[in-house]
Amino acid sequence: MAAAKAFQNLASETEPFNFVYVSGAGASTEPGRFAPIFARVKGETELALADLRKQNPHLHALSTRPAFVDPSAHRAIKNYIPAKPAMIGLLELVLAHPIRLALKGQHSPTEPLGRVLTELAMGKHKDQLVAGNGIQKVGNFPILENSVLRRLAGL
Amino acid sequence: MHVILTGATGLVGSGVLDAMIKTADITKISILSRRPVPMVEDVKDPRINVIIHKDFENYDSALLEQLKGARGCVWALGISQTQVGAE
């Protein structure tokens, strides 16, 4: 949030600043009693950004919620990504194939994801960011679910 | 176009960095990172400027001066949801 506030000075009348926040599937702006901590924290950040956008319309902030982020097909980054703790690594190994095959909507391969997030930061796809079909809007602040990211990436 | 990236050493951030490098329209990439970014060191792309920044609560004018002209940023800082502690 401190960064978003600082970066809004980089925006101007003619050149809005695109702040693409990487949240995650499961984040919620209206967490129920049983929602996990990350859901609440990320949801709160999303709401804070929405509020900031309302106050400064030149700060084109938006939130994206990737789901199962999968680097397995992305050779260029393989050597640079952080290692996961053993148990999580194992769990992901088990879940990866079913997600890739049956739950495509939850699949977030890193190469197309990187591409879409970059495009959004460059100000592309703005005409697609209307409410409905996986896009929730809090005022002018769009929250993009994984399905939307996949769609924008052409998946 | 000048863009900013945080979280470049992470899973999503690495993917974004790779995409930014491959985007011809991007003329400058400012990375805010708490530590050096190995991928940048290997790729040696002159468009990339890694700014070592430890305090993500504070952004002084010297830093903002370096970020001037940026049109957007990808904020990929944070850790995986499965690894978040209770704090």
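**Where chain A meets chain B**

Q: Across the interface of chain A and chain B, how many residue pairs are in polar contact, with both at pLDDT 80 or more?
A: This is a predicted model, in which local features need pLDDT (the predictor's confidence in each residue, from 0 to 100) of at least 70 and side-chain atom pairs count only at 80 or more, while totals for chains, interfaces and linings use all residues. Residues are numbered from 1 along each chain as its sequence is written, chains are lettered from A and ligands numbered from 1 in written order, and side-chain values use heavy atoms, leaving out hydrogens and water. A polar contact is a pair of N or O atoms within 3.5 Å, where within protein one must be able to donate a hydrogen and the other to accept it, and residues adjacent in sequence count only if both atoms are side-chain atoms. Across this interface, the number of such residue pairs, both at pLDDT 80 or more, is nine.

Q: Which element gives the most to the side of chain A that touches chain B?
A: Helices and strands here are DSSP runs (H or I, at least four residues; E, at least two), numbered from the N terminus. At least two residues each come from H1 (2–7), S1 (17–22), H2 (37–55) and H4 (110–121) of chain A. With eight residues, the element that gives the most is H4(A).

Q: How much area do chain A and chain B bury between them?
A: Contact, meaning heavy atoms within 4.5 Å, links 40 residues of chain A with 40 residues of chain B. Buried area is the accessible area (1.4 Å probe) that two parts lose on being put together, summed over both. Carbon and sulfur atoms carry 69% of the buried area, which is about 3,300 Å².

Q: Why does the pair of Arg71(B) and Glu15(A) join two chains, and which loop holds Glu15(A)?
A: A salt bridge is a side-chain nitrogen of Lys or Arg within 4 Å of a carboxyl oxygen of Asp or Glu, and Arg71(B) and Glu15(A) form one at 2.6 Å, N to O. The whole structure has seven salt bridges over all chains. The pair joins two chains because Arg71(B) lies in strand S4 of chain B, whereas Glu15(A) lies in the loop between H1 and S1 of chain A.

Q: Which residue stands opposite Asn18(A) in S4(B)?
A: Strands pair if DSSP finds at least two bridges between them. S1(A) and S4 of chain B (residues 70–75) run parallel, joined by four bridges. Opposite Asn18(A), in S4(B), stands Gly72(B).
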